[in-house]
Amino acid sequence: MKVKEFIDLPLKYHIFIGTVIRIALIVYGDIHDNLYDVPYTDVDYKVFTDAARHVVNGNSPYKRHTYRYSPLVAYLLVPNIILGRNFGKILFSVFDILVTIAVKSLVRYQLGSKKENVTRISTYCSLFWLYNPLSIGISTRGNADSVPCFFIILSILFLQTEVVKSSFKYALSGILLGVSIHLRLYPLAFSFPMYLSLGEYKINRKTNLKEGIIALLPNAKQLTLASSCVVTLFLLTYGMYLLYGYEFLFETYIYHLFRKDTRHNFSVLFYYSYLTMDQLAFDIVKALSQIFECVILFVASLTFGCDPKTLPFALFSKRSF
């Protein structure tokens, strides 16, 4: 079979192949971990499993040292203790496959039925995720990133398409965005351009101050998206706070704002941070770099987030930071 013929197979065949690849790597992971000193399984997966064990025993997941995630992740992996240690890897791989399906649906609806080769283009986009070695490795090694990724893509799907035709779709989008922010902080950066994409801005040099302020006032769509996101995030966070108190807030959110990560990041400043980790009480270089990042993200939001057609590019640009 030629490469083009393989690519043009119906998506259900690709999903089957992608599922087999992931299952094979999960099985291989057990063999690899028993034979080699450097494990295939992500160290975070062991942290998740230990936290789930604490939950099963009626304790806080934060009794597991270095568990710095939402308790929801530990709850999801409770079957690791009851059913088997690979349940979480299988679950994350299922979410990985669901992301593939969501990407295809999102691209298809965004292109519209009037465009040529809609099915082919949307399928190709989904295959970039399905066969991406990075996404395959992340899920089969036991990293939970596929879960918030799925909720983010669903959020954009409801926001920008007519899967749900009523205005309720903006509430659904906000709810899913709130869930993803609760699980991981970085989707918070997506909220501003998503909010802007629902506005109608007609501001130019001739616009006076009063008209400019009125133009920036939120409309019903924006209020629905923002309120549903905030309420969902508040309810989830407050619920976890009632269960685990300040320890939950610190380990899940506050710690990540001040931590010094010198071991696994792609920052151009990683070596500088490594050398100065124990030397600086206040790192002016890091502080300035973060300020510039915020400025760039803000400008990117205003430049590309206001137009629904360029919103995906705005979100992609933010994720690269």
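Over the ring of which residue does the charged end of Arg-68 sit? In this predicted model, the charged end of Arg-68 lies over the ring of Tyr-255, 3.9 Å from the centre of that ring. A second contact of this kind involves Lys-89, whose charged end sits over the ring of Tyr-45 at 5.4 Å from its centre.

**Aromatic rings**

The structure holds 17 aromatic pairs. One of them joins Tyr-246 and Phe-250, whose ring centres are 6.2 Å apart and whose planes meet at 35°, so that the pair is classed as tilted. These two residues both belong to helix H13 (residues 220-258), where, being 4 residues apart, they are separated by about one helical turn. Phe-250 also pairs with Tyr-255, with planes at 65°, an angle over the 60 degrees required, and the pair is therefore edge-to-face. The two pairs are set out below.

| Ring pair | Distance between centres | Angle between planes | Class |
|---|---|---|---|
| Tyr-246 and Phe-250 | 6.2 Å | 35° | tilted |
| Phe-250 and Tyr-255 | 6.4 Å | 65° | edge-to-face |

With regard to accessibility, Tyr-246 counts as exposed at 52% relative accessibility, while Phe-250 is partly exposed, with a relative accessible area of 31%, and Tyr-255, at 25%, is likewise partly exposed. Elsewhere, Phe-48, Tyr-62, Tyr-67, Tyr-69, Phe-92 and Tyr-244 form one aromatic cluster.

**Nonpolar core**

In soluble globular proteins, nonpolar side chains tend to be buried together. The largest nonpolar core of this model has 51 residues, and those that touch the most other members are Phe-48, Tyr-67, Val-73, Phe-92, Leu-159 and Met-194. Several helices each supply at least two residues of this core, among them helix H3 (43-56), helix H6 (87-111), helix H11 (188-196) and helix H16 (311-319). The largest share, 11 residues, comes from H9.

**Second largest pocket**

The second largest pocket contains about 390 Å³ of space. Its lining is made up of 16 residues, of which Leu-159, Gln-160, Thr-161, Pro-308 and Lys-309 are the closest to its centre. Two elements, helix H9 (146-160) and helix H10 (168-183), give two or more residues to this lining. In chemical character, the lining residues divide into 5 nonpolar, 6 polar and 5 charged. Leu-159 thus has a place in both descriptions, since this residue is named among those closest to the centre of the pocket and among the core residues that touch the most other members.

Definitions and conventions:
Residues are numbered from 1 along each chain as its sequence is written. This is a predicted model: local features need pLDDT of at least 70, side-chain atom pairs count only at pLDDT 80 or more; totals for chains, interfaces and linings use all residues. Side-chain values use heavy atoms; hydrogens and water are left out. On a 1 Å grid over the protein atoms alone, a cavity is a set of points where a 1.4 Å probe fits but cannot get out, and a pocket is an open set with protein on both sides within 12 Å along at least five of seven lines; lining residues have an atom within 4 Å of a point. Grid points are joined across faces, edges and corners, and a volume is the space filled by probe spheres set on the points. Ala, Val, Leu, Ile, Met, Phe, Trp, Tyr, Cys and Pro count as nonpolar, Asp, Glu, Lys and Arg as charged, and the others, Gly among them, as polar. Rings of Phe, Tyr and Trp (its six-membered ring) pair if their centres lie within 6.5 Å; planes under 30 degrees apart count as stacked, over 60 as edge-to-face and the rest as tilted. Buried means under 20% relative accessible area, exposed over 50%, partly exposed in between (1.4 Å probe, protein chains only). A charge sits over a ring if NZ of Lys or CZ of Arg is within 6 Å of the ring centre and within 35 degrees of the ring normal. A nonpolar core is a set of buried Ala, Val, Leu, Ile, Met, Phe, Trp, Tyr and Cys residues joined through side-chain atoms within 4.5 Å.
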